[in-house]
Amino acid sequence: AVPLLLKKSPSSPPLTMEDTTPLSSTITGPQIPYRRVSILSCHATTEAKHDQNTATISSHVLDTALGTPGKGLNMTLYQKQEDGSYAKLSSHVTNSDGRVKDFKPIGAGIYMITFDTDGYYKAQNTECFYPECSIVFRTKLGEHYHVPLLLSPFGYTTYRGS
C-alpha cells in the first residue's frame, strides 16, 4: 500500500518524500491550501468472454474523503423506457469492499444507477451536498460495464471502468 500524501502549497513543485506529510499526521486549523495526492494501485485482469445476447454491470463506490470503500450504500438500477421514463429493475447495497457484483444481466439500452448518498452520509453523521447521485449510461450486447462512483460529501465523479 502507498500512503496518501499531503503538500502545503498547491502551486509548489512536484512532491518528494522529504517534503510531504503522511495523511495519518494530525492537521489542525484552517490549513485549506493543502493538496491531496493519491496513488492508486493497478491490477491486471484477464479478458472474460461475455454472453453476446446480454450485457453485464458491476459497480464500486469509493469514499475519497475517507480513503475507504463506500460500504453499505444503497443503489437502484433503472432502465429507460421508450416514453423517456425510467423503470426500476433492482436495488442493491454495496458490500464491505464498496462493490455490487450481483446485477442481473441486462439488454442493450440506456440505464441509470441512482446512489443514495444521503442515507450513506446520514449513517456517518455527516452532512452532504448531493442527496443522491444518478449515473446514466448506454449498453451494448456482449459487453461488461463497470460503473464506479468516487464520492465525497461535496462532490463526486465517475468513469467507465473495466
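Which backbone oxygen lies 3.0 Å from a polar atom of the side chain of Thr 117? I would like to start there this morning and then work outward, keeping in mind throughout that what we are looking at is a predicted model. The backbone oxygen in question belongs to Pro 131, and the side chain of Thr 117 also reaches the backbone nitrogen of Glu 132, in that case at 3.2 Å.

Thr 117 itself sits in helix α1, and because its relative accessibility is 0%, it counts as buried. If we set aside its neighbours within four places in sequence, the residues in contact with Thr 117 are Cys 128, Tyr 130, Pro 131, Glu 132, Cys 133 and Leu 151. You may also want to find Ser 152 on the screen, which is 35 residues from Thr 117 along the chain, with the two C-alpha atoms separated by 9.2 Å.

Staying with helix α1 for a moment, which spans residues 117-123, we come to a salt bridge between Lys 122 and Asp 118, whose closest N and O atoms are 3.3 Å apart. These two residues are 4 residues apart in the helix, so they are separated by about one helical turn. Lys 122 counts as exposed, at 60% relative accessibility, whereas Asp 118 is partly exposed, at 26%.

That is one of 4 salt bridges in the structure, and the next two that I want to show you have a residue in common. Glu 143 meets Lys 140 through their side chains, with a distance of 4.0 Å from N to O, and Glu 143 also meets Arg 160, where the N to O distance is 3.1 Å. The pair of Arg 160 and Glu 143 links distant parts of the chain, since Arg 160 lies in the segment after β12 and Glu 143 in the loop between β10 and β11, 17 residues apart. Through these shared partners, Lys 140, Glu 143 and Arg 160 are joined into one network. As for how accessible the members are, Lys 140 counts as exposed at 52%, while Glu 143 is partly exposed, with a relative accessible area of 26%. As a general reminder, side chains of opposite charge can pair when their charged atoms come close.

Let me turn now to the sheet. It is an open sheet of 4 strands, paired antiparallel, and its order is β7-β6-β9-β10. The edges are taken by β7, residues 86-93, and β10, residues 133-139, and each of them has a single partner strand, so one side of each is left without a neighbour in the sheet. From one strand to the next, the twist averages 20°.

Taking the pairings in turn, β6 and β7 run antiparallel and are joined by 7 bridges, and within that pairing Gln 79 has Ala 87 of β7 as its bridge partner. The hairpin that these two strands form has 5 residues between them, and there Gly 84 takes a positive phi near 95°. Toward the other edge, β9, which covers residues 109-115, pairs with β10 in the antiparallel sense, over 7 bridges, and here Tyr 111 has Phe 137 of β10 as its bridge partner.

Within strand β6, which runs over residues 74-80, we find Thr 76. Is this residue buried or exposed? With a relative accessible area of 15%, Thr 76 is buried, because the cut-off for that term is under 20%. Not counting residues up to four places away in sequence, Thr 76 touches Lys 88, Ser 90, Ser 91, Met 112, Ile 113 and Thr 114.

Ile 113 brings us to the last topic, the nonpolar core. The largest such core has 22 residues, and those with the most contacts inside it are Ile 57, Leu 77, Ile 113, Phe 115, Phe 137 and Leu 151. Two or more residues each come from β4, β6, β9, α1, β10 and β11, and the largest share, 4 residues, is the contribution of β11. Looking at Ile 113 in particular, and again leaving aside neighbours within four places in sequence, its contacts include Ile 57, Met 75, Thr 76, Leu 77, Phe 103, Phe 137 and Val 147. In soluble globular proteins, nonpolar side chains tend to be buried together.

To close where we began, Thr 117 is buried in the predicted model, and its side chain meets the backbone at Pro 131 and at Glu 132.

Conventions: Residues numbered from 1 in each chain as written. Predicted model: local features only at pLDDT ≥ 70, side-chain atom pairs only at ≥ 80, totals over all residues. Heavy atoms only, no water. Pairing = 2+ DSSP bridges. Axes fitted to C-alpha atoms, helices over the stretch in contact; angles between N-to-C directions. Buried < 20%, exposed > 50% of the residue type's maximum accessible area, 1.4 Å probe, protein only. Contact = heavy atoms within 4.5 Å. Polar contact = N/O pair within 3.5 Å; in protein donor to acceptor, adjacent residues only side chain to side chain. Core = buried A, V, L, I, M, F, W, Y, C linked by side-chain atoms within 4.5 Å.
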